[in-house]
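This briefing goes through one protein model, beginning with a single residue and its surroundings and then turning to aromatic pairs and to the chain as a whole. Please keep the sequence and the structure in view while reading.

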Amino acid sequence: MKNISIKLGLTLCLVLGFSQIAQAQSTQNSNQPAILTISPQESSGLSGAARTVEVWSGRGTAIDFTRVNERIIQVFLADPSRFTYTTDTPLDKGNATTLFLRQITPLRFPNLTTARVTNLFVKTQSPDGTMRLYTFNLQAGGSTRQRYNGLSVATTSPTHYRRTSRLQASSSRSVRIDDIERGLQVAIARRYTAANDPVVFKVRDFLTTARSNSRHSLTELAQRLNLRPELLTQLATLGREESDSPTTSSERNAPNLVRFNR
């Protein structure tokens with residue numbers, strides 16, 4: 001019953017959110033930089049879910065390690081059927097610091113599985129020989145126009161990271177940004193909403209903006225992007241439940257959802 005209640009809330013919020021987007025589709029966050037800054041902790045996946053990187057058709061997305069003074073020594077793309085990458089200098093030279101990603105016309109590789117959201121691993125090495133593994137979720141940017149040109153990995157203080165990892169939802173409650181992102185992934189996986197729904201792209205816009213705006217509350221950022229705060233808190237709840245109950249799978253909850261859909 002709890003999952004059904006969440007689904008009902010999500011469905012209602014998504015429908016209302018779509019109506020708002022239809023009225024203000026062209027609204028953009030003019031304060032958002034073209035290159036977004038993320039911490040090594042966030043991009044390594046050690047402090048939460050893997051960061052999602054989007055690549056738009058006919059455009060490129062960069063991931064830059066210059067500000068942490070790390071060289072790229074290896075790149076692994078799990079599903080290369082829809083994306084390709086290159087570096088600013090050949091990997092075998094040992095001086096590459098920037099990875100460039102592009103969409104390609106889908107290819108077929110014998111015996112290779114494909115995924116709508118694939119994962120990307122980047123291994124780097126610092127001047128003192130320390131190696132670090134970064135992990136990202138990679139997906140197509142959809143039909144919306146490109147929202148950012150790339151990500152720049154840069155060291156930030158632990159205090160700053162903790163401050164931007166949560167948003168104040170009310171006078172007595174805060175929510176984790178990672179929970180909202182995880183909840184969105186669960187909602188798509190369980191087909192509470194379609195992956196190409198305009199609201200999904202708006203929520204991703206919100207996540208990007210929220211991670212670089214520590215002075216604003218969830219409600220303020222949601223209003224700026226024409227999203228209902230209730231949708232974001234519902235997603236945070238769904239993401240938190242998924243995190244707290246790793247043994248509860250979508251298959252286990254499926255029977256209730258099937259009966260509800262009937």
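**A buried asparagine and the wider picture**

In this predicted model, Asn137 has a relative accessibility of 18% and therefore counts as buried, the cut-off for that class being under 20% relative accessible area. The residue is part of strand E8, and the points below set out what Asn137 touches before moving on to the rings and to the overall figures.

**Surroundings of Asn137**

- When residues up to four places away in sequence are left aside, Asn137 touches Ala50, Arg51, Thr52 and Val53, and also Val117, Thr118, Asn119 and Gln185.

**Aromatic pairs**

- The structure contains 3 aromatic pairs, two of which are described here.
- The pair of Trp56 and Tyr148 is edge-to-face, because the planes of the two rings stand at 85°, with 5.3 Å between the ring centres.
- Trp56 sits in the loop between strand E2 (51–55) and strand E3 (60–64), while Tyr148 sits in the loop between strand E8 (131–140) and strand E9 (150–153), so this pair ties together parts of the protein that lie 92 residues apart in sequence.
- Both partners are buried, with a relative accessible area of 2% for Trp56 and of 3% for Tyr148.
- Phe76 and Phe121 also form an aromatic pair, in this case a tilted one, with 6.2 Å from centre to centre and 35° between the planes.
- Because Phe76 belongs to strand E4 (residues 71–77) and Phe121 to strand E7 (residues 118–125), the pair ties together parts that are 45 residues apart in sequence.
- Phe76 counts as partly exposed at 46% relative accessibility, and Phe121 likewise counts as partly exposed, at 25%.

**The protein as a whole**

- The secondary structure of the protein comprises 8 helices and 11 strands.
- Of its 262 residues, 45% count as buried, and Asn137, Trp56 and Tyr148 are among the residues in that class.
- If one considers the contacts between residues at least 6 apart in sequence, 74% of them join residues that are at least 24 apart.
- The protein exposes about 13,700 Å², and carbon and sulfur atoms supply 50% of that area.

Definitions and conventions:
Residues are numbered from 1 along each chain as its sequence is written. This is a predicted model: local features need pLDDT of at least 70, side-chain atom pairs count only at pLDDT 80 or more; totals for chains, interfaces and linings use all residues. Side-chain values use heavy atoms; hydrogens and water are left out. Helices (H or I, at least four residues) and strands (E, at least two) are DSSP runs, numbered from the N terminus. Buried means under 20% relative accessible area, exposed over 50%, partly exposed in between (1.4 Å probe, protein chains only). Contact means heavy atoms within 4.5 Å. Accessible areas come from the Shrake-Rupley method with a 1.4 Å probe; for residues, only the protein chains shown count as cover. Rings of Phe, Tyr and Trp (its six-membered ring) pair if their centres lie within 6.5 Å; planes under 30 degrees apart count as stacked, over 60 as edge-to-face and the rest as tilted.
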